[in-house]
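User: I am new to this structure and would like a close look at a single part of it, the charged side chains that pair with one another. Please take me through a few of these pairs carefully.

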Amino acid sequence: AASPPRPSSFHERSFGARPSFDTLSLRSLRLAEGPARGADDRYSVVSEQLEPARSLYRGGGGGFARSYTFERRLSSGGGAWLDGGEGPPSRTIRAPAMRTLQRFQSNNRSRLGAASAYAGSAAEHSSRAPSVRSLAEAGHHLHDQRDGGSAYNGHGTLLSQHSGGFDDIDLPSAVKYLIASDPNLQVLGAAYLQHKCYSDGNAKKQARSLQAMPKLVKLFNSPNQEVQRHATGAMRNLIYDNAENKLALVEENGIYELMRTLREPDDELRKNVTGILWNLSSSDNLKDRLARDTLEQLTDLVLVPLSGLGGSGVIQQNPSEAEIFYNSTGFLRNLSSASQQTRQKMRECHGLVDSMIHYVNSSLEVGKSEDKSVENAVCVLRNLSYRLYDEMPPSSLQRLEGHRRNNNSTMTGELVGCFSPQSKKAREHYMSADIVTFTEVSKDPKGMEWLWNPQIVGIYNRLLQRCELNKHTTEAASGALQNITAGDRRWAGVLSRLALEQERILNPVLDRVRTADHHQLRSLTGLIRNLSRHARNKDEMSTKVVSHLIEKLPGGVGDKSPPADVIVNIIAVLNNLVVESPMAARDIVYFDGLRKLFYIKKRRDSSDHEKSSRAAASLLGNMWQYTKLHRDFKMKGYRKEDFLSL
């Protein structure tokens with residue numbers, strides 16, 4: 001085998017084998033809730049979901065910067081993405097549709113100045129928008145208007161009836177305007193819905209009951225661009241934080257119409273469409289369908305061209321295109337936390353993984369590792385790496401694991417006893433085996449091959465070193481590394497040793513550990529746990545990591561304590577090192593680790609504490625096997641029974 005088999009620990013020999021301490025990274029990050037009940041301890045079961053900002057109709061080129069501010073406000077709760085997390089706008093924003101109304105009023109003033117004095121003339125009827133009040137009072141007039149006729153007397157205009165804004169418009173009237181033949185009325189109806197549904201949940205429910213959803217969907221591909229913009233803007237607000245409206249949109253063939261609209265060469269429209277897709281993707285029950293109906297077109301129309309993959313190789317985005325790409329990667333980020341079927345479809349989608357890799361690489365080259373789209377892209381890569389070796393094509397797995405079959409049985413006898421050092425012959429064999437395997441993967445990876453290619457380790461390492469401010473990006477990078485180094489597969493060991501020996505990744509990881517919050521510690525300690533299992537030189541690793549990890553453990557009731565899964569990860573790292581390195585056991589004693597481990601062992605007042613208590617008991621049992629340390633143990637007041645009791 002490429003990695004030596006782990007010798008049985010004292011605890012395993014005496015009390016039966018425990019499940020492997022190796023972990024996979026969180027497929028997703030539902031940081032507001034924590035781990036789901038009943039989940040397998042080896043995996044993190046949190047989700048990364050966030051609906052994008054609600055649609056704010058903005059003119060000019062500063063839209064993306066404002067949206068960025070709003071997104072940061074949403075993501076601030078709990079330190080990371082919330083499950084469908086939403087919050088109030090970060091500033092007071094003028095109702096978007098008011099500007100639309102003022103534009104209509106301004107146009108009407110101009111037309112009134114030049115119009116004929118004959119109020120009833122056909123010319124005047126055809127030159128200005130019909131009265132909102134007349135529409136509201138006489139429903140049959142709407143039928144007349146759809147037929148192309150005009151039934152308005154010219155006395156009611158947007159200017160005269162609505163000088164105070166939307167005061168005289170209500171939701172039923174606005175929904176009726178959506179099926180008017182006059183594009184100005186359609187825009188006004190959609191703009192009112194967009195304004196009214198910005199933060200009013202009751203308005204969203206009422207609009208759905210008035211059949212606004214199918215009417216708006218029909219306007220997505222209107223011949224009038226302003227109608228398209230406002231219809232998609234209204235829909236973006238209608239479905240925000242409203243599962244029923246999302247489902248209604250999908251049931252009205254909305255996904256198909258949205259993908260048609262995405263082909264329009266209008267950035268404002270494409271921002272709305274990708275924003276709608278991102279909102280839809282926060283509903284778990286829609287993810288598989290969204291993946292089926294959107295991935296190929298979204299990749300071809302947005303991801304490949306805007307990532308720089310399809311052109312000169314350089315990212316060239318104006319502010320609107322940057323927002324479109326950001327929305328699209330947020331959409332993918334949500335989808336990638338769905339089912340195995342969806343993850344597999346994303347891996348197999350031509351150009352999708354390549355776009356994510358190219359964008360991250362290019363951003364690193366130009367010093368933009370803090371970019372929010374980089375964060376989304378790395379989260380997508382992390383999620384697509386979840387259970388990678390179980391879900392990758394069998395032919396690829398066989399190619400990566402083939403060498404192991406021939407050597408697994410011949411190398412297991414090289415280690416004798418619990419702490420016997422590996423022979424020189426064994427070390428040379430493992431190293432040469434790793435080198436050989438690099439010929440088994442492509443030097444020019446394509447598509448999903450990137451997810452397990454050795455080059456990906458270097459990309460994640462650069463993110464850990466260069467991304468100083470965006471903790472979500474570094475958490476995702478360490479989580480991706482955690483995924484590809486997890487488990488007993490031979491390739492997990494190969495990439496672990498590559499990370500340790502060629503990429504020298506331990507130092508940047510430990511730098512992150514020093515300042516990490518609890519959420520970051522989950523993936524960082526999970527990664528170190530995997531690396532400690534596959535490392536060749538446990539002594540060298542012990543001298544680097546033991547002190548940093550002991551520092552994170554609680555030693556008393558008043559101490560700040562990380563989450564239980566982080567504590568279990570840390571103890572698992574120490575255990576992996578102790579079973580092969582006397583230096584690890586010595587350093588645990590030196591850095592006051594015994595006091596903390598015995599405190600954790602005795603703390604069994606909850607199910608989480610019970611897990612960490614069992615882990616501490618296993619580690620202490622293994623430490624007792626070092627007879628040269630017994631004197632140090634006794635000097636600190638501990639007896640044999642303290643170490644060996646469960």
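Analyst: In this predicted model, K271 and E268 are both buried, and their side chains meet in a salt bridge with an N to O distance of 3.4 Å. Both residues belong to helix α15, which covers residues 267–280, and they stand three residues apart, about one turn of the helix.

A second place to look is around E391, whose side chain meets that of R343 in a salt bridge of 2.4 Å, N to O. R343 lies in helix α18 (residues 340–348) and E391 in helix α21 (residues 388–391), so this pair ties together parts that are 48 residues apart in sequence. With a relative accessible area of 6%, E391 is buried, and R343, at 3% relative accessibility, counts as buried because the cut-off for that word is under 20%.

The side chain of E391 also meets that of R347 in a salt bridge, here at 2.8 Å from N to O. This pair, too, links distant parts of the chain, since R347 is in helix α18 and E391 in helix α21, 44 residues apart. R347 is buried as well, its relative accessible area being 2%.

Elsewhere, salt bridges link E226, R229 and D266 in a network. As background, side chains of opposite charge can pair when their charged atoms come close. Counted by the rule that a side-chain nitrogen of Lys or Arg lies within 4 Å of a carboxyl oxygen of Asp or Glu, the model holds 24 salt bridges, among them the pair K271 and E268 described at the start.

Note on methods: Residues numbered from 1 in each chain as written. Predicted model: local features only at pLDDT ≥ 70, side-chain atom pairs only at ≥ 80, totals over all residues. Heavy atoms only, no water. Helix = DSSP H or I, 4+ residues; strand = E, 2+ residues; numbered from the N terminus. Buried < 20%, exposed > 50% of the residue type's maximum accessible area, 1.4 Å probe, protein only.
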